[in-house]
Amino acid sequence: FFSFSSMEEDLAEESITIIFSWCYAILFMISLYWQAFTTWKCRSSAGLSFDWVQFTFFGYVCFFIFTGRMYFSSTAEEKFEDKYPDIIFPVHLSDVILGFSGIVTSLLLILQHCRYRRDVSTKYSVMGTVLTILFWFTFILLGILSLIPATNIDDDVFFRAVAAMFCISVVFRYPPQISLIFRMRSTRGWSMEQVYLQICGCAFLCCQVIFDATVSSSWELYTGSIIQISLVATVVFYSVIIILQRYTCCADKGIEFSQTRKQLITEHAILSDRIYYEDEAPPRPKIGTHKIIEDYDPSVSGRASGVNSYRLSRSSTDSRSFMSDSDWEPTDDELHPI
């Protein structure tokens, strides 16, 4: 009976941990898709730092490789259970899906950056490019060395290095975006909903870590999760800075970033209604306010020299026709003005 009760208690604890993990994973996934939706809605990648995009892409590649190896490798799980027999395995399926979703969304943001227009505020920093090249070079080099038996770099060293590079990418991810917002004096093009969702996701992640450590009654999990908690604190710190920018020095004051397709169609319809149409054009039209006259020379008998005029009319079939100078003949009043 006590053994069955213990099994039920362990199952309930694991279920609560899985619920926490899915909550923060879904929030982080939605936050990235929200940014992609904001960029699509604005039809512009201005306001979104490309350094943030490429650091995000590299970070999620490292995160997906590390979590995928921990989740699908039975050896890694056995090593963890041998070292921490009373602690729930910290990597879940939601972490793997979060890493894959982050890669897909980051690629989508890169394609949007290439597809949609950019303005002068979009700059490619030399430091961001150098760091990105250095990260990828280190990643590929360690991967090649781990495949060579003669080296002292085994799989564990490679995956630890991948986890370390993920942490570094998170640290360097947000400063370029904060700098861009400050230069633009606006958060337009940057999804504030993404910031709020990430803060909520960090809250659920902290709840999961605290719950696991409390259930296991082990300080070792707190010590092992200090890097994870530090990353959460870093993300929250940068998010708070962006929120302060949004409501202080970089407030948008209700100005829209760019016109959507629906707004452009509405504006075109309004401008089209302002065009003057005449149902029936007279056979000998006079120069009116709707005719354009250029190079008027009053010294030549008061006539208009070099006239380049057009008359817009609408026929009974609602088709537009233009009357040029060859079809226009001046009247007596036009030949002898007062």
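Helices here are DSSP runs of H or I with at least four residues, strands are runs of E with at least two, and both are numbered from the N terminus. The exercises below concern a predicted model.

**Exercise 1. Describe the secondary structure of the protein chain and the order of its elements.**

Solution. Start with the inventory: the protein chain contains twelve helices and two strands. Next, read the order from the N terminus, where eleven α elements, written α-α-α-α-α-α-α-α-α-α-α, precede β-β and a final α. Then turn to contacts: among those with a separation of 6 or more, 75% join residues that are 24 or more positions apart. Finally, consider burial and surface: of the 338 residues, 40% are buried, while the exposed surface comes to about 20,200 Å², with carbon and sulfur atoms supplying 65% of it.

**Exercise 2. Determine which helices supply the largest nonpolar core and which residues have the most contacts inside it.**

Solution. The largest nonpolar core has 46 residues, and Trp52, Leu98, Trp190 and Ile242 are those with the most contacts inside it. At least two residues of this core come from each of α1, α2, α4, α5, α6, α7, α8 and α10, and the largest share, ten residues, is that of α2. Apart from this core lies another, of seven residues, including Ala76, Phe80, Tyr84 and Phe89. To follow one of the residues named for the main core, take tryptophan 190, which, once residues up to four places away in sequence are set aside, touches Gln35, Gly47, Leu48, Trp52, Gln177, Ile181, Val195 and Ile242.

**Exercise 3. Check the span of α6 against the value expected at 1.5 Å a residue, and place serine 169 in that helix.**

Solution. The expected span is 1.5 Å times one less than the number of residues, so the 19 residues of α6 should span 27 Å, and the end C-alpha atoms are indeed 27 Å apart, which agrees. Now list the buried residues of this helix: Phe158, Phe159, Ala161, Val162, Met165, Phe166, Cys167, Ser169, Val170 and Arg173. An α-helix has 3.6 residues a turn, so residues three or four places apart point the same way. Serine 169, which lies in α6, has a relative accessible area of 0% and is therefore buried, since the cut-off is under 20%. Beyond residues up to four places away in sequence, serine 169 touches Phe55, Phe58 and Gly59.

**Exercise 4. Decide how many disulfides the whole structure holds, and examine cysteine 200 and cysteine 206.**

Solution. A disulfide is a covalent bond between the sulfur atoms of two cysteines. The cut-off for such a pair is within 2.5 Å, and a search of the whole structure finds zero disulfides. For cysteine 200, the nearest cysteine sulfur belongs to cysteine 202 and is 9.3 Å away. For cysteine 206, the closest cysteine sulfur is likewise in cysteine 202, at 6.7 Å, which is too far for a bond. As for accessibility, cysteine 200 is partly exposed at 38%, and cysteine 206 is partly exposed at 22%.

**Exercise 5. Classify the aromatic pair of phenylalanine 237 and tyrosine 238, and state which residues ring pairs link into a cluster.**

Solution. A pair of aromatic rings is described by the distance of the centres and the angle of the planes. The count of aromatic pairs comes to 19. In the pair of phenylalanine 237 and tyrosine 238, the centres are 5.8 Å apart and the planes make 50 degrees; planes under 30 degrees apart would count as stacked and over 60 as edge-to-face, so this pair is tilted. Phenylalanine 237 counts as exposed at 51% relative accessibility, whereas tyrosine 238 counts as buried at 13%. Elsewhere, ring pairs link Phe55, Phe57, Phe58, Phe135, Trp136, Phe139, Phe158, Phe159 and Phe172 into a cluster.

**Exercise 6. Establish whether threonine 105 and valine 104 are buried or partly exposed.**

Solution. Threonine 105 is placed in helix α4, as is valine 104. At 0% relative accessibility threonine 105 counts as buried, while valine 104, at 36%, is partly exposed. Leaving out residues up to four places away in sequence, threonine 105 touches Leu32 and Tyr33. The C-alpha atoms of valine 104 and tyrosine 33 are separated by 9.7 Å, although the two residues are 71 residues apart along the chain.

Methods. Residues numbered from 1 in each chain as written. Predicted model: local features only at pLDDT ≥ 70, side-chain atom pairs only at ≥ 80, totals over all residues. Heavy atoms only, no water. Buried < 20%, exposed > 50% of the residue type's maximum accessible area, 1.4 Å probe, protein only. Contact = heavy atoms within 4.5 Å. Areas by Shrake-Rupley, 256 points an atom, 1.4 Å probe, with all protein chains shown as cover. Core = buried A, V, L, I, M, F, W, Y, C linked by side-chain atoms within 4.5 Å. Phe/Tyr/Trp six-rings, centres within 6.5 Å; stacked < 30°, edge-to-face > 60°.
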